[in-house]
Amino acid sequence: MKRLWFLIPLAAFLVLAVVLAVGLNRDPREVPSPLIDKPAPKFALARLDDAAKTVRLDDLKGKVFILNVWASWCVACREEHPVLLDFAKKRVVPVYGLNYKDTRPDASAWLARFGNPYDASFFDEDGRVGLDFGVYGVPETFVVDGNGVIRMKHIGPITPEVLANKIEPLLKKLDA
Amino acid sequence: MKIVRIVLGSCLLAAGLSLAAKEAAPEAADPALEARMVRITSELRCLVCQNQTIADSNASLAVDLRREARALIKQGKTDAEVVDYMTARYGDFVLYRPPLRATTVLLWFGPPLMLAVGGAVLVVVLRRRSRMAADAFDADDEIADEAGAVDAALASANAGTPGPR
């Protein structure tokens, strides 16, 4: 038994190497949000298509919904846009847009050009509501349940894989 | 000599100022508030360019967060409350000094622990060796014989060939 003691440093090295390898392969851009399983931040924003109409978080409560943070200046938003359009067509849950740090003409023109998947978009001109949601890289997508609790956040463009593996199973679980 | 010093000093000062000018420009009129805001936000990580602090990043998110920090200070919030505002939204990840928690124990105490273990092993090995007899450090007989044979072979090989030019 004592003869095998020289293997201990080797074993320790292997353990450390595995731990570091896992750490290196993680994406440091995916910061876990502290808002998961917390109530969504309250907000009151004007609609993108109608500055006179204010929407509050409480107006959306009672139903599971998806909140997608987007902007016309955001290149990755174009990438996810077809996926979002397809998903919205299925009418599984309402899809709302948070139009983040944009201008009304740019945002409206963008929707007119690429199609509008949103039941409504809310106009967050100075990005304050975005900050409350902990947004740091557009696009971001939140799934909010019927009680107004954030159940999932996805950072970066939605791909068909993300939709099939992350979002749709969660929606099924939430019985939406 | 004195003149040289003055010239050199002002050059360094100018260089320092021009470096400072490249950082994100402060914009508030109140220098005390600005200084406090910078002190708080230089402890916070910008999530867009993760190796910069919120204080010196020019990313628009950092600009917004500086604006929020300024507003919170103006409302009379304490430094800790401003930091709480950030961690409530972005998590402990924004803190350059991670708090001590169950999940961060290894992060905080792992390196000292490894140093202590390594030091203990070193002490044990050295003490064991100091107790060994001196001849334990002589070359083994077998190896000594081989070394002798190699020397002899080299000597005879060199003897048969002309030396280096």
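How many of the five residues of strand 5 of chain A are buried? In this predicted model, the count is four, and strand 5 (residues 120–124) is mostly covered.

Strand 5 of chain A runs parallel to strand 4 (residues 95–100) of chain A, and five bridges join the two. At one of these positions, A:Tyr96 has A:Ala120 in strand 5 as its bridge partner. Helix 4 (residues 104–114) of chain A completes the arrangement: together with strand 4 and strand 5 of chain A, helix 4 makes a β-α-β unit that is right-handed.

The elements of this unit are listed below.

| Element of the β-α-β unit | Residues |
|---|---|
| Strand 4 of chain A | residues 95–100 |
| Helix 4 of chain A | residues 104–114 |
| Strand 5 of chain A | residues 120–124 |

The largest nonpolar core has 51 residues. The members that touch the most other members are A:Tyr100, A:Val135, A:Val138, A:Val144, B:Leu47 and B:Ala69. Helix 3 (residues 60–74) of chain B supplies the largest share of this core, with six residues. Leaving aside residues up to four places away in sequence, A:Val138 touches A:Val69, A:Trp70, A:Ala71, A:Cys74, A:Cys77 and A:Tyr100.

The contact between the chains takes 11 residues from chain A and 12 residues from chain B. On the side of chain A that touches chain B, six residues are nonpolar, four are polar and one is charged.

Chain B is divided into domain 1 (25–99) and domain 2 (103–156). The centres of these two domains of chain B, taken over C-alpha atoms, are separated by 51 Å.

Technical notes: Residues numbered from 1 in each chain as written. Chains lettered and ligands numbered in written order. Predicted model: local features only at pLDDT ≥ 70, side-chain atom pairs only at ≥ 80, totals over all residues. Buried ≥ 20, exposed ≤ 12 C-beta atoms within 10 Å, placed from the backbone. Pairing = 2+ DSSP bridges. Right-handed = clockwise from strand over helix to strand, strands pointing away. Core = buried A, V, L, I, M, F, W, Y, C linked by C-beta atoms within 7 Å. Contact = placed C-beta atoms within 7 Å. Domains from an automatic or database assignment. Nonpolar A, V, L, I, M, F, W, Y, C, P; charged D, E, K, R; others polar.
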